[in-house]
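Q: Could we go through this model together, one topic at a time?
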Amino acid sequence: MEVFLIRTLQFILAISLLVFLHEGGHFFFSKLFGVRVEKFFIFFDVSIGKWAGKLFSFKPKNSDTEYGLGWLPLGGYCKISGMIDESFDTEQMKQPEQEWEFRSKPAWQRLLIMIGGVLVNFLLALFIYSMIMFTWGDSYVAVKDMTYGMYFNDEAKELGFQDGDVLLSHDGIEFKSFDADFYRDIASAHEVSVLRNGQTVSISLPGDLNLLNMLKNEPQFVRPLIPAQIDSVIPSTPAMTAGLRKGDVLKGINGREVNSYNEFVFEIGRLEDMMASAETHEDSLKVRSTSIVYERGGVRDTMSVTLTSDLKLGFAPLLVMMDYKVTTINYSFLESFPAGIKYGWNVLEGYVSDMKYVFSADGAKSLGGFGTIGKLFPPVWDWYIFWKMTAFLSIILAFMNILPIPALDGGHVLFLLYEMITRRKPSEQFMIRAEYVGFGIIILLMIVANLNDILRGLGIM
């Protein structure tokens, strides 16, 4: 429960900040061009019956704007006078046009008002990344320094990779760290260089591997290899009862050979599949009763053990990441800005390149809602990860809002560009209908994403 609350608090704080500044971008340009803003709300104040739907609001003296907090944490909004937006206030549009309304302003001013939110979110992300570089620097374990090498699935091995390969470069460019870019680099590479048994080996690749499949397959295309060596034995577990010790190396389980902790976990996964089909206690006990082959001091031995009900043996493997050299690059205040901008731009490029997978069946299933986003935050409060996640969400918010979907900023921008090119405004009736269509698309996407979260939680997906 504590973990849930910490993650929820971080998520709400990040979203509130991003929504406030996004709407602040619209607000700034509206005020700059003399457009009246009737409402400025964080979260939506959706009315239910006679209830107004707002938690609180206030209107400063001599101000045209009501500021408030809604109850529905799905975003926020600026209600700009004379504009067809998510409020669907068509009555106002029937009145004579006023000089302080959005619709009375030149197209270029309306364009700046509409891109104001996206612009603020994008600049905010770059600023946060820059301040992260200045405060914490850039620390990572270089892929070439992961000296135990990598563990590959069958697809990767068919392409020429071998367990224990240390990946060096892709198309002549050195790999940096093990992250999403690492997978993207392999997916688009035509040649990857690896260190194998002290020799540099080149592996030819097609250059168009499916990134989504690389990540969703079990086991994944590539993971850091973890030796099947016991670092510590947990008290009162089958491992301790059987007499396993620190330094023992696992060599097999249930009649299958294992050469790494990765393979051991995969074999446990096989047992989990068998456990799922067990109908009686005897069936379950049969699955849990297995044999372990281990090596101690160069001598192999076999023991019989009964795993726990959740198929745990009860040991911790070597924490190989703790043994690897950490590369840290520190930046001065001025140096942090080009470094942060470069990092943020790279994040945006990666996110945009991955969007093509959303339009596939597997991509639609991979969509996540608020639950998925919330789980991206750490289970303990960590300012470094919080600000990194906030910057990432700010980039996502900027990109998603600029998509040319009616009801989003990008939809309004599309119609404004049409007006600026053709010198003709789309009719108000068309804009209202487009807003309804766009709003429906957004609601549908939110339902699909959050339904995926629910199905994952139930173990159906």
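**Working chat on the model**

A: Glu419 has its place in helix α15 (residues 409-422); helices are DSSP runs of H or I with at least four residues, strands are runs of E with at least two, and both are numbered from the N terminus. This is a predicted model, in which local features need pLDDT of at least 70, side-chain atom pairs count only at pLDDT 80 or more, and totals for chains, interfaces and linings use all residues. Residues are numbered from 1 along each chain as its sequence is written, and side-chain values use heavy atoms, with hydrogens and water left out.

Q: Is Glu419 buried or exposed?
A: Glu419 is buried, because its relative accessible area is 11% (buried is under 20%, exposed over 50%, partly exposed in between, with a 1.4 Å probe and protein chains only).

Q: What is Glu419 in contact with, leaving aside neighbours within four places in sequence?
A: Those contacts are Ala107, Arg110, Arg424 and Lys425, where contact means heavy atoms within 4.5 Å.

Q: Changing topic: in which order do the four strands of the open sheet stand?
A: The order is β14-β13-β15-β16, with antiparallel pairing; two strands pair if DSSP finds at least two bridges between them. At the edges are β14 (256-257) and β16 (299-306), each with a single partner strand, so one side of each has no neighbour in the sheet.

Q: How many bridges join β13 and β15?
A: Four bridges join β13 (residues 249-253) to β15 (residues 289-296) in the antiparallel sense. Ile253 stands opposite Ile292 in β15.

Q: And β3, which way do its side chains point?
A: Along β3 (residues 66-70) they alternate: Glu66, Gly68 and Gly70 point to one face and are buried, while Tyr67 and Leu69 point to the other and are not. Strand β1 (residues 37-44) pairs with β3 in the parallel sense over four bridges, and Lys39 has Glu66 as its bridge partner there.

Q: How many aromatic pairs are there?
A: The count comes to 33, where rings of Phe, Tyr and Trp (its six-membered ring) pair if their centres lie within 6.5 Å; planes under 30 degrees apart count as stacked, over 60 as edge-to-face and the rest as tilted. One of them is Phe27 with Phe40, edge-to-face at 5.5 Å centre to centre and 85 degrees between the planes. Phe27 lies in helix α1 (residues 2-32) and Phe40 in strand β1, so this pair ties together parts 13 residues apart in sequence.
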